[in-house]
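Work through the exercises below with the sequence and the coordinates at hand. Each task is followed by a solution in steps.

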Amino acid sequence: MLSAVQLRAHGVSAAQMSGQCRPGGPWQQLLPGVFVLHPGPPTSEEQLHAALLYAGRPTASVGGPVVPAQVRAEGEAGSYGDVMLTGLAALALYRFSCAPSLLSLDRIDVLVPRTRRLRSTGCARLVRVHSMPQAQEIVGLPVAPVARALADAVAQLTDADVVRRLLTEAVRGGHCEPAAVVRELTLARLLSRPHVVDAVDSLLAEGRAIAEDRLYRMVRDHGLPDPLWNVDLRLPGGPHLGGVDIYWPDHAVAVELDTRAPRQDEDAKGSSLLERSRERGEWPEYARKREHLERLGITVVHITPKKLREALDQQATVVRTALMASSDREPPACVVVLPR
C-alpha cells in the first residue's frame, strides 16, 4: 500500500501508475492517490491504511524499491500526518466485542483537521474537527481516544441497543470513564437525541456502580477502618448537610465520589468545573456542601472514578493520611448521621 506521493518518490510516473492499474494489471487504485500493489480484494488492514493515506499527508520514503507494503511497521503512525482513525473502525481496533468487525464496515471514519480540503469518498469518511485530540497508536496506526471514537460512532448510529452496548462496554472494559464519554457526546451535540440520552443514563449508573465497587475494595484491601457507607449528615435539629459515600465519625473524615458529567462549557484544555465556576462566581452544589462540611471540621476527600481506576493505592494513602491527621485537628462540630 503506497500513495501517489510515495510512488513518485520512488520514480514511478503517473502514466506508469495508471498502466499498472489497468484491468488485469498487478495494482489497483483503492482511493484517489492510494494504490494497492497487488490484484484481488484489499484486506481490512489495507483499507485502514488506505483511508489514512488518503486523508493524511504521507511521508515519501525514498531510496528503496517499490514493494507491496501490506502492513506498516510498528511506530510509523506519524507517517500519516495529522489524521487518525475514529468511529467504529477505531472501536474495533480497541477490541470492543460489540463493535462490528473491520471486514463488515462499508466506511472507515478518519478524524481530520477542519481545514483539510478533501471530501469523503469510497471507503473513507472524513470527520472534521477544530482541535485534534492526542492519538493512540494501535498496531502502528493512529487511533482517536476511546471517548472521541465513541462519539463519532454514536453520531452515525440510530439503534438504541447498539449505542447502549457500546457505551456500557467502554466503562465495563475500563477503556474510559463515563464523564469523558459524556463530555465528547456533549461537544458533538448528540445529547438532544432521545436514544443517546437513555444510553447515557444507563452509562452513568453503570459507571457509579463500578466506582463504588472500587471504593469498597480500596477500604477492604488497604486495611482502612470500617466506615459508615452512603449516609446523610445533618446538624442536630438543624439543616441537611448532604450525603457522602463514606464517613468515619470517630475521625470526622468523609469520602465523596465525583461521578458528575462535565458541563458543556468546560474548555478543551480540561480546566475543572470548580475552577471555571469560581471565575463566574457560581458555586456548584457539591462545592458548597464540601465547603460547609469543612467549616464544621469534617475533612472531605474528593475522589473521581478515574483516580480509583488508575491510582487506587495512591487514593488509599490519601484517605489514610486524612484519618491519621484527625487527631491533630480541632474537635469537629457534632453531626447526626442517617442512612441514605
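A nonpolar core is a set of buried Ala, Val, Leu, Ile, Met, Phe, Trp, Tyr and Cys residues joined through side-chain atoms within 4.5 Å. The model used here is predicted.

**Exercise 1. Cores**

Find how many residues the largest nonpolar core has, and which of them have the most contacts inside it.

Solution.
- Step 1: The largest nonpolar core has 57 residues.
- Step 2: The residues with the most contacts inside this core are L91, F96, V110, L150, L167 and L185.
- Step 3: Apart from it lies another core, of 18 residues, which includes A211, V219, I246 and V319.
- Step 4: Take L185 and leave out residues up to four places away in sequence; L185 then touches A151, V154, L167, L190, L191, V196 and V200.

**Exercise 2. A helix pair**

Determine how helix α5 and helix α6 pack, and which residues meet.

Solution.
- Step 1: Two packed helices are described by the angle between their axes and the distance between the axes.
- Step 2: Helix α5 covers residues 146-154 and helix α6 covers residues 160-172; their angle is about 180 degrees and their axes are 11 Å apart.
- Step 3: Angles over 145 degrees count as roughly antiparallel, and α5 and α6 are therefore roughly antiparallel to each other.
- Step 4: On the α5 side, V146, L150 and V154 take part, and they meet V163, L166, L167 and A170 of α6.
- Step 5: Sorted by class, this contact has seven nonpolar residues, no polar and no charged ones.

**Exercise 3. Positive phi**

For V139 and N230, give phi, the location and the exposure.

Solution.
- Step 1: V139 has a phi near 45 degrees, a positive value in a residue other than glycine.
- Step 2: V139 sits in the loop between β7 (136-138) and β8 (141-143).
- Step 3: With a relative accessible area of 49%, V139 is partly exposed, because exposed means over 50%.
- Step 4: N230, also not a glycine, has a positive phi near 50 degrees.
- Step 5: N230 belongs to strand β9 (residues 228-234).
- Step 6: The relative accessibility of N230 is 24%, so N230 counts as partly exposed; buried would mean under 20%.

**Exercise 4. The chain as a whole**

What make-up does the chain have in helices, strands, burial, contacts and exposed area?

Solution.
- Step 1: The chain contains twelve helices and 13 strands.
- Step 2: Of its 340 residues, 45% are buried.
- Step 3: Among contacts with a separation of 6 or more, 63% come from residues 24 or more positions apart.
- Step 4: About 17100 Å² of the chain is exposed, and carbon and sulfur atoms supply 51% of this area.

Methods: Residues numbered from 1 in each chain as written. Predicted model: local features only at pLDDT ≥ 70, side-chain atom pairs only at ≥ 80, totals over all residues. Heavy atoms only, no water. Helix = DSSP H or I, 4+ residues; strand = E, 2+ residues; numbered from the N terminus. Buried < 20%, exposed > 50% of the residue type's maximum accessible area, 1.4 Å probe, protein only. Contact = heavy atoms within 4.5 Å. Areas by Shrake-Rupley, 256 points an atom, 1.4 Å probe, with all protein chains shown as cover. Axes fitted to C-alpha atoms, helices over the stretch in contact; angles between N-to-C directions. Parallel < 35°, antiparallel > 145°, perpendicular 65-115°, else oblique. Nonpolar A, V, L, I, M, F, W, Y, C, P; charged D, E, K, R; others polar.
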